[in-house]
Amino acid sequence: RTKPVRHSSHRARSSSSAAPSSFPRSTSNMARTKQTARKINNNSQSVMTAPKRSVAASAARKSIDSKLGVKKPYRFRPGTIALKEIRKYQKNTDLLIRKLPFQKLVREVAGQFKTDLRFQ
């Protein structure tokens, strides 16, 4: 069993007499980037490094796109448009299926369970 962790009070952290932490606090809130494991050739050790991107390739692609006037279309993240459609269809009261085709479908399905049904 592990013991519950007790956090120090706010006053203890703000006092200047406290010992400095072994991990310095970062003042900026930068976004984290994905790390990939890469092997070093000389020692065969795994080292975590940021993925490298070819600057020349991206610059060449940008120059070609600017010459052709091709603008990359904005893409929503997967599921964003689906959620937007769900909100849209939950707000309105319009019928999604026309009345007559739906009535025929209901009659057909009900006829499979019991014959001689009459609808009002």
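Student: Of the 120 residues of the protein, what percentage count as buried?
Tutor: Keep in mind that this is a predicted model. To count as buried, a residue needs under 20% relative accessible area. Across the 120 residues of the protein, the share that gets there is 1%.

Student: And how much area does the protein expose, and what part of it do carbon and sulfur atoms supply?
Tutor: The exposed area comes to about 13,500 Å². Carbon and sulfur atoms supply a share of that, and the share is 55%.

Student: Where is the confidence lowest in this protein?
Tutor: Start with the whole chain: the mean pLDDT is 75, and 58% of the residues reach 70 or more. Where pLDDT is low, the predicted coordinates should not be read in detail. Confidence is highest in helix H3 (residues 80-91), at a mean of 95. At the other end, with a mean of 49, confidence is lowest in helix H1 (residues 10-14).

Student: In what order do the elements run from the N terminus on?
Tutor: You're looking for four helices and two strands. Going from the N terminus, the order is α-β-β-α-α-α.

Student: Which helix gives the largest share of the nonpolar patch?
Tutor: The patch sits on the surface, and its members include Tyr89, Phe102, Val109 and Leu117. Together, the residues of the patch have about 1,000 Å² of accessible area. Five of the residues come from one helix, the largest share, and that is H4 (residues 99-113).

Student: Leucine 117 is in that patch too, so is leucine 117 exposed, partly exposed or buried?
Tutor: Leucine 117 lies in the segment after H4. Its relative accessibility is 41%. Exposed would take over 50% and buried under 20%, so leucine 117 counts as partly exposed.

Student: What is the phi of aspartate 116 near?
Tutor: Aspartate 116 is also placed in the segment after H4, and at 76% relative accessibility it counts as exposed. Most residues other than glycine have a negative phi. Aspartate 116 is not glycine, yet its phi is positive, near 60°.

Student: Which residues form the aromatic pair?
Tutor: The structure holds one aromatic pair. The two rings are 5.2 Å apart, centre to centre, with 90° between the planes, and over 60 counts as edge-to-face. The partners are tyrosine 74 and phenylalanine 76.

Student: Why does tyrosine 74 count as exposed, while phenylalanine 76 is partly exposed?
Tutor: The cut-off for exposed is over 50% relative accessible area. Phenylalanine 76 has 40%, so phenylalanine 76 is partly exposed. Tyrosine 74 counts as exposed because its relative accessibility is 68%.

Notes
Residues numbered from 1 in each chain as written. Predicted model: local features only at pLDDT ≥ 70, side-chain atom pairs only at ≥ 80, totals over all residues. Heavy atoms only, no water. Patch = residues over 30% accessible without salt bridge, like charges linked within 9 Å, V, L, I, M, F, W, Y side chains within 5 Å. Areas by Shrake-Rupley, 256 points an atom, 1.4 Å probe, with all protein chains shown as cover. Salt bridge = Lys/Arg side-chain N within 4 Å of Asp/Glu carboxyl O. Buried < 20%, exposed > 50% of the residue type's maximum accessible area, 1.4 Å probe, protein only. pLDDT = per-residue confidence, 0-100. Phe/Tyr/Trp six-rings, centres within 6.5 Å; stacked < 30°, edge-to-face > 60°.
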